[in-house]
Every structure is written in structure tokens, then in C-alpha cells.
Amino acid sequence: MFAALALERAAERRDDADWLSAQRAEARARYIVLNPDGRGLARADRSGLRHLSEAERRQFWPEDPVAFLGATREANYFAIAATQPRGEEVSGPLRARWLDLRAAGLSLPAFDAGLFAYARALLYWQTRVRYCGVCGQATTLVSAGHKALCTNRDCGIEHFPRTDPAIIVIVGWRDACLLGRQPGWPEGRWSTLAGFVEPGESLEDAVRREVREEAGVEVEDCDYHSSQPWPFPASLMLGFVARAGDPAICVGAELAEARWFEVDDIVRGLADRTLVLPPPLSVSHRLIEHWLREAGGLELSALMHDEPWLKPKTT
Ligand SMILES: [Zn+2]
């Protein structure tokens, strides 16, 4: 989910104002809109994002900043960063609804969910780079919204969109995998361990440290599995499969509980609804799915029922 977005970003054209104007002038220019709270405008029936034409943009968001996202054979995509929160006064006439990214990930087609994730990550960064972190002066957005330039001539530093790497890991030991529960999570909810990569760490270092800090378990080695943009608000999740040298657990401050689950524990827990696993849109789900397939020859999708996340919240 949110990954493998088939879009030509045309990064080398972002500074070409004439080219960008031409893209916007074409009939295939399409705008997606994000409210200041990060919700995006989707079609009322959730069959996709509500793509606006240039005429609709002028009617509803004439003054709001626009960033270029990229192009496909069918359309040139732009994102409107709505400066004021808007509600039904626009979603009504546009036959649309405001959807948060999690709900969009569960209900929209993969391309639109990926486009939304990309726009949300970029526009979130824009709201965090209004002032230069070096000299404190205001910045101005350039490069079609992909760069912020300090307006102080003596400084003039360029700020680029940032992504925060985080590792997420399923740790195996013999026939079991390690899952944890955070304080405050609903009863029965378990997930893989995760944490941000710190300065000066390799990804493998971060895997070892996080598993040791959260569960007191020593990781012997790990393999990369897959990654996923995770703009909640600015992460890149990097999934790993690791092996422990010793099953002894000592739960750290971040978790309420950590324990080993054998294949049967997961099968039984899902069957009697005492176990709630992460939703399919997450890397965590994919890691558990991978482990279950390797360890038990079972498909996670065949074991899941009417988990609460299957009913996304919308407004
Ligand atoms: Zn500056």
C-alpha cells in the first residue's frame, strides 16, 4: 500500500516554469486537494480521489498554492494545499467526501492511494519549512513545491523534503515470532516492533537496538524485506525479518507487553477474536503474513475475519 506509484515525477523539469505552465494549461491537468488537516478530497462513492479540472480549481481554490506531483500517459497531476479548512460547502457541489489517508489506503484504488500519500508527505513538509532552520527568516517554495529557499540573501540555504527512516521488524526464534503491545492499545492488539533510525546508525544497527530496547531480545542477524512510504506524517518504513539468538524477553519502557507467538497461537487468536493484528495496508501486516507463510505454510488473509479496521472512519 502506497508503494510502487506508477508516476513520472519529472524531477528535472520542476524548475522549468514554462514547461510547468504548459502542463497546467493542458486539458489533462488534474488537481487533487488536501485540507490543512491532511484529509484529501475523494469521490463520494470512494471509487477514487476527486480529481479537479483547472476550471474547478479556479472556482473553489483559486488562491491556494499548487505543487506538481508528476504525470502519467493520461494526466498531469498537481496537489492543491488548501490554506483554509473546507467542508461540505465544497464536497457537496463537487459530489465528493473528505477522507483521511488511512481510510483512503483501505478503500481507494492503489494508484490514488499512492498519489494521496505522496501529496500528503510533500504538503506536510511544506507546512514545516516556512522558516529557515539556520537563520530564522521566512522561506519561499520553489521547484514546483519541492524545495524551500531561505529569503535571507546572506543565508539563501535550500531546504529539501525530508523523510524519516524507521525500521519495522518481525523477529523469529525457532517456531515463534515476537510481537509487542503498546500501552493504551485495545485489548488483544499486537504488532511487530518498530522504531526510528537514529543519527549514526545503519539500518541493521537500528533493528538490533530497537529489539533490545523494546523487548530485551538479542538479534543475531536480519534480512531486508520491503519498504513503504508512511506519511503519518513523514516516515519511510523499512521492513526486516530477523532471527533471535535467545528467547529471553525483558520488556522495555516503550511496550506494555512482548511475547512469542507460535503459528497455532495466531491461528487460534484470530479464530476466537482474542488477537487483533495490524491492517493489510501496513508493512507490519506484510511481515506477519511472510512469517506465517514461512513458518506455517498458512495465508494470513485466509485467517482474518471482521477486524475493526475493516470499517474505516470517514467524515
Ligand atoms: Zn536562512
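**A strand covered on both sides, and the chain around it**

In this predicted model, strand S1 has no open face: Ala 29, Tyr 31 and Val 33 are buried on one side, and Arg 30, Ile 32 and Leu 34 are buried on the other. Put as a count, 6 of the 6 residues of S1 are buried, so the strand is mostly covered. S1 runs parallel to S4, and 6 bridges join the two. One of the pairings can be picked out by eye: Arg 30 has Tyr 77 in S4 as its bridge partner.

Tyr 77 is worth a pause. This residue, part of strand S4, counts as buried because it has 25 C-beta neighbours inside 10 Å, where 20 or more are needed. Once its neighbours within four places in sequence are set aside, Tyr 77 is in contact with Arg 30 and Ile 32, with Leu 69, Gly 70 and Ala 71, and with Leu 115. As for Pro 109, that residue is 32 positions from Tyr 77 in sequence, and the two C-alpha atoms are 16 Å apart in space.

Next comes the nonpolar core. The largest one in the model holds 41 residues, and the members that touch the most others are Ile 32, Ala 79 and Ala 119. Two or more residues each come from strands S1 (29-34), S2 (40-43), S3 (66-71), S4 (76-81) and S5 (96-99), and also from helices H4 (101-107) and H5 (110-127). H5 gives the largest share, 10 residues. A second core lies apart from this one; it has 34 residues, including Val 207, Val 219, Leu 277 and Leu 287. Back in the largest core, what does Ala 79 contact, leaving aside neighbours within four places in sequence? The list runs through Ile 32 and Leu 34, then Val 66, Ala 67 and Leu 69, and ends with Ala 119, Leu 122 and Leu 123.

Zooming out, the chain has 9 helices and 14 strands. Its C-alpha atoms fill a box of roughly 60 × 50 × 35 Å along the principal axes. Of the 315 residues, 34% are buried. Among contacts with a separation of 6 or more, 65% are between residues 24 or more positions apart.

The chain is divided into two domains, with domain 1 covering 11-127 and domain 2 covering 164-310. Their centres, taken over C-alpha atoms, are separated by 33 Å. Where the two meet, 8 residues of domain 1 and 6 residues of domain 2 take part in the contact. On the domain 1 side, H4 and H5 each supply at least two residues, and H5 gives the most, with 5 residues. That side of domain 1 is made up of 6 nonpolar residues, 1 polar and 1 charged.

Another piece to look at is an open sheet of 3 strands, in the order S6-S7-S8, with antiparallel pairing. Strand S6 (139-142) and strand S8 (158-159) are the edges: each has a single partner strand, so one side of each has no neighbour in the sheet. S6 and S7 (residues 147-150) run antiparallel and are joined by 4 bridges. Leu 141 is matched with Ala 148 in S7, while Val 142 has Lys 147 as its bridge partner there. The two strands form a hairpin with 4 residues between them, and Ser 143 in the turn has a positive phi of about 50°.

On its other pairing, S7 meets S8 in the antiparallel sense over 2 bridges. Here Ala 148 turns up again, this time opposite His 159 in S8. Which residues of S7 are covered, and which are uncovered? Ala 148 and Cys 150 make up the covered face, whereas Lys 147 and Leu 149 are on the uncovered one.

Finally, a word on confidence. The chain has a mean pLDDT of 94, and 97% of its residues reach 70 or more. Residues 310-315 are another story, with pLDDT below 50, although this stretch has 9 contacts in the model beyond near neighbours in sequence. Where pLDDT is low, predicted coordinates should not be read in detail.

Conventions:
Residues are numbered from 1 along each chain as its sequence is written. This is a predicted model: local features need pLDDT of at least 70, side-chain atom pairs count only at pLDDT 80 or more; totals for chains, interfaces and linings use all residues. A nonpolar core is a set of buried Ala, Val, Leu, Ile, Met, Phe, Trp, Tyr and Cys residues joined through C-beta atoms within 7 Å. A residue is buried if 20 or more other C-beta atoms lie within 10 Å of its own, exposed if 12 or fewer, and partly exposed in between; C-beta atoms are placed from the backbone. Two residues are in contact if their C-beta atoms, placed from the backbone, lie within 7 Å. Two strands pair if DSSP finds at least two bridges between them. Domain bounds come from an automatic or database domain assignment. Ala, Val, Leu, Ile, Met, Phe, Trp, Tyr, Cys and Pro count as nonpolar, Asp, Glu, Lys and Arg as charged, and the others, Gly among them, as polar. pLDDT is the predictor's confidence in each residue, from 0 to 100.
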